[in-house]
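Here are two short exercises on side-chain packing, each with a worked solution. Have your viewer ready and try each task before reading on.

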Amino acid sequence: MDDAARARDAAREALADVEPEQLREALDARIGEAAVTPGVLALVTARALDPDVELGDVTDRAAGVQLIYEGLRLTRTVAREEPWVTAPTAADIDADMDILAADVLVSRGFSLLACTDAAGPAVDVVRAFGRDQTLRDREGTDAETAVGLDRNLEVDALELAVVAGTTAVGGDPPEELLAYARDLAADCDGEFPPAGRALPETTADRIADISDRAVSATDR
């Protein structure tokens, strides 16, 4: 099983007991179509730092990162489109379902990370998202600034992914690794690759190299 499938399956498993059935099906369909770059990066990071890591111990963290990102991304989409303003009244139910789905995704993501060293950073991601969206909605915010504020979510999601992956093998990510996560987000230009692709093939080697240099610097 590849990392994209692992991340997706773990996210779906975390939602398997959601009720009612209609909401669970909507969540499952959304995860099935989602770009799983954040979840994959958590898995790739853990394995790059420790090739012998048991990925079964990391999949919950990967799913947590993925669910939080997907929930916030959905919230951002609804905020942009303002469906209650632009859509017919009959579409209000769909918009309400999206908001409910976003809440469930984020809360389940938190539950998966709650007892890990990534819990605090996960809270920081949600807080930063709230601040960014508040700033975005302020009168006088120009289009370029609004785009930059929106794209912060992808940056924060990949930073959280490397934190989740690194702490899974008993360490903290060096600043260079966080910077690499930010570079990956910048390369995506505000939108992660579609469901069939996730990360460059060189990602694992880059992470391992960054880690080795950080360890060497500490030993000196």
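The exercises below look at nonpolar cores and aromatic pairs.

This is a predicted model, in which local features need pLDDT of at least 70, side-chain atom pairs count only at pLDDT 80 or more, and totals for chains, interfaces and linings use all residues. Residues are numbered from 1 along each chain as its sequence is written, and side-chain values use heavy atoms, leaving out hydrogens and water.

**Exercise 1.** Find the largest nonpolar core and the helix that gives the most to it.

*Solution.* Start with the rule: a nonpolar core joins buried Ala, Val, Leu, Ile, Met, Phe, Trp, Tyr and Cys residues through side-chain atoms within 4.5 Å. Buried means under 20% relative accessible area, with a 1.4 Å probe and protein chains only. Applied here, the largest such core has 44 residues, and L41, L158 and I207 are among those with the most contacts inside it. Next, go by element (helices are DSSP runs of H or I, at least four residues, numbered from the N terminus): contributors of two or more residues include α3 (37-49), α8 (143-168) and α10 (203-219). Of the contributors, α8 gives the most, with eight residues. Finally, a separate second core has 16 residues, including A11 and L67.

**Exercise 2.** Which rings form the tilted pair, and which parts does the pair tie together?

*Solution.* Search first: the whole structure holds one aromatic pair (ring centres of Phe, Tyr or Trp, taking the six-membered ring of Trp, within 6.5 Å). Planes under 30 degrees apart count as stacked, over 60 as edge-to-face and the rest as tilted. The centres of Y69 and F192 lie 5.1 Å apart with planes at 55°, so this pair is tilted. Then place the rings: Y69 is in helix α4 and F192 in the loop between α9 and α10, so the pair ties together parts 123 residues apart in sequence. Lastly, check burial: Y69 counts as buried at 4% relative accessibility, and F192 counts as buried at 6%.

Note on methods
Buried < 20%, exposed > 50% of the residue type's maximum accessible area, 1.4 Å probe, protein only.
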